[in-house]
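The following report concerns pockets, a buried strand residue, a helix and salt bridges. Please consult the sequence and the structure as they are shown here.

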Amino acid sequence: MSASLSRSVTKVTTHVLQEMKLKGEKIAMLTSYDYSMARIIDKAGIDIILVGDSASNVMAGHATTLPITLDQMIYHASSVVRGVSRALVVVDLPFGTYQGNSKKALQSAIRIMKESGADAVKLEGGREIADSVERILSAGIPVMGHLGLTPQSIHKFGTYVVRATRKDEAERLITDAHTLETAGCFAIVLEKIPAKLAGQVASELKIPLIGIGAGAGVDGQVLVIHDMLGINQEFSPRFLRRYHNLYAEITGSVQSYINDIKNLDFPNEREQY
Ligand code: KIV
């Protein structure tokens with residue numbers, strides 16, 4: 001394996017991701033929802049940027065991902081695309097824009113691609129979205145799948161606990177993963193499932209499997225940027241590694257700013273005209 005296949009390319013494509021899987025090079029993916037953050041993480045060398053519907057939680061403050069609209073996702077996605085030159089940009093189709101209707105799914109995917117300039121879309125679900133995956137692909141739009149914990153179905157399951165721990169659930173997930181691969185997905189996100197099961201699926205499928213709370217046996221990892229930078233204090237699942245404590249950093253900076261103003265220290269002579 002060369003040191004890094006992904007670093008040698010000027011643009012990450014679905015083809016590059018497939019090559020990375022073949023060569024055993026792990027794929028690094030993060031979410032982003034705005035121009036400035038997308039620009040930083042793209043320059044830092046991230047392979048995939050997901051404009052996740054987690055924007056509903058971390059940007060808009062909703063308890064679930066359900067309220068975010070297609071127009072809002074397009075706004076976030078087009079902001080991200082303007083900041084990115086190298087990473088593959090994938091956008092979530094939000095709740096209510098594809099479920100149970102493959103023609104609607106295609107229309108939603110086309111709007112995202114046309115109005116944001118993104119590279120691909122992501123849909124949650126297994127066999128029940130296979131016809132939508134095929135129809136979207138027939139328009140030349142790459143599709144990423146998402147199995148395991150699927151937040152858009154939270155009201156059906158009622159809990160965010162680890163998925164596919166029972167044998168029948170695990171078997172269903174394996175079949176769904178094969179179905180999505182056959183339907184033409186270029187990759188699948190596996191969220192919060194046992195590491196052993198995720199590793200088995202990754203070894204059975206030819207397409208890359210990207211894990212979040214799915215262990216080390218998959219082909220890549222994804223985290224929500226607000227979680228890994230420590231902007232969120234409340235969310236602490238076992239799978240989350242925090243690389244920074246931005247909550248504390250921002251609080252400290254804002255308090256210093258307030259103090260400087262109150263103490264007549266800001267602005268000083270050099271900071272005025
Ligand atoms: O919306 C999102 O951020 C996601 C990731 C958790 C995979 O779907």
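## A buried histidine

Leaving aside residues up to four places away in sequence, His-146 touches Lys-122, Leu-123, Glu-124, Gly-125, Pro-151, Leu-180, Ile-188, Val-189 and Glu-191, where contact means heavy atoms within 4.5 Å. His-146 is found in strand S5 and is buried, with a relative accessible area of 4%. Buried means under 20% relative accessible area, exposed over 50%, and partly exposed in between (1.4 Å probe, protein chains only). Helices (H or I, at least four residues) and strands (E, at least two) are DSSP runs, numbered from the N terminus.

This is a predicted model, in which local features need pLDDT of at least 70 and side-chain atom pairs count only at pLDDT 80 or more, while totals for chains, interfaces and linings use all residues. Residues are numbered from 1 along each chain as its sequence is written, and side-chain values use heavy atoms, with hydrogens and water left out.

## Helix H8

For the 17 residues of H8, a rise of 1.5 Å a residue gives an expected span of 24 Å, and the end C-alpha atoms are 24 Å apart, which agrees. That expectation is 1.5 Å times one less than the number of residues. The buried residues of H8 are Ala-170, Leu-173, Ile-174, Asp-176, Ala-177, Leu-180 and Ala-183. Their cover includes helix H6 (130-138), S5, S6 and helix H9 (195-204). Gly-184 follows H8 and has a positive phi, near 120°.

## Pockets

A pocket is an open set of points on a 1 Å grid over the protein atoms alone, where a 1.4 Å probe fits, with protein on both sides within 12 Å along at least five of seven lines; lining residues have an atom within 4 Å of a point. A volume is the space filled by probe spheres set on the points, which are joined across faces, edges and corners.

The largest pocket has a volume of about 660 Å³. Of its 32 lining residues, Ser-54, Asn-57, Glu-191, Val-224 and Phe-235 lie nearest its centre. Helix H3 (55-58), strand S6 (187-191) and strand S8 (220-223) each supply at least two residues of this lining.

The second largest pocket has a volume of about 540 Å³. It is lined by 22 residues, with Glu-128, Thr-150, Lys-156, Phe-157 and Arg-172 nearest its centre. H8 gives the most to this lining, with 4 residues.

## Salt bridges

A search of the whole structure finds 12 salt bridges, each a side-chain nitrogen of Lys or Arg within 4 Å of a carboxyl oxygen of Asp or Glu. Three of them are tabulated below.

| Pair | Closest N to O distance |
|---|---|
| Asp-47 and Arg-86 | 3.2 Å |
| Arg-111 and Glu-115 | 2.7 Å |
| Glu-169 and Arg-166 | 3.9 Å |

Why does the salt bridge of Asp-47 and Arg-86 tie together separate parts of the sequence? Asp-47 lies in the loop between helix H2 (35-43) and strand S2 (48-51) and Arg-86 in the loop between helix H4 (70-83) and strand S3 (88-92), so the pair ties together parts that are 39 residues apart in sequence. Asp-47 is buried, at 4% relative accessible area, and Arg-86 is buried as well, at 11%.

Arg-111 and Glu-115 both lie in helix H5 (residues 102-116), 4 residues apart, about one turn of the helix. Arg-111 is partly exposed, at 30% relative accessible area, and Glu-115 is partly exposed, at 40%. In the remaining pair of the table, Glu-169 is partly exposed, at 28%, and Arg-166 is partly exposed, at 48%. Salt bridges that share partners also join Asp-71, Arg-111 and Glu-115 into one network.
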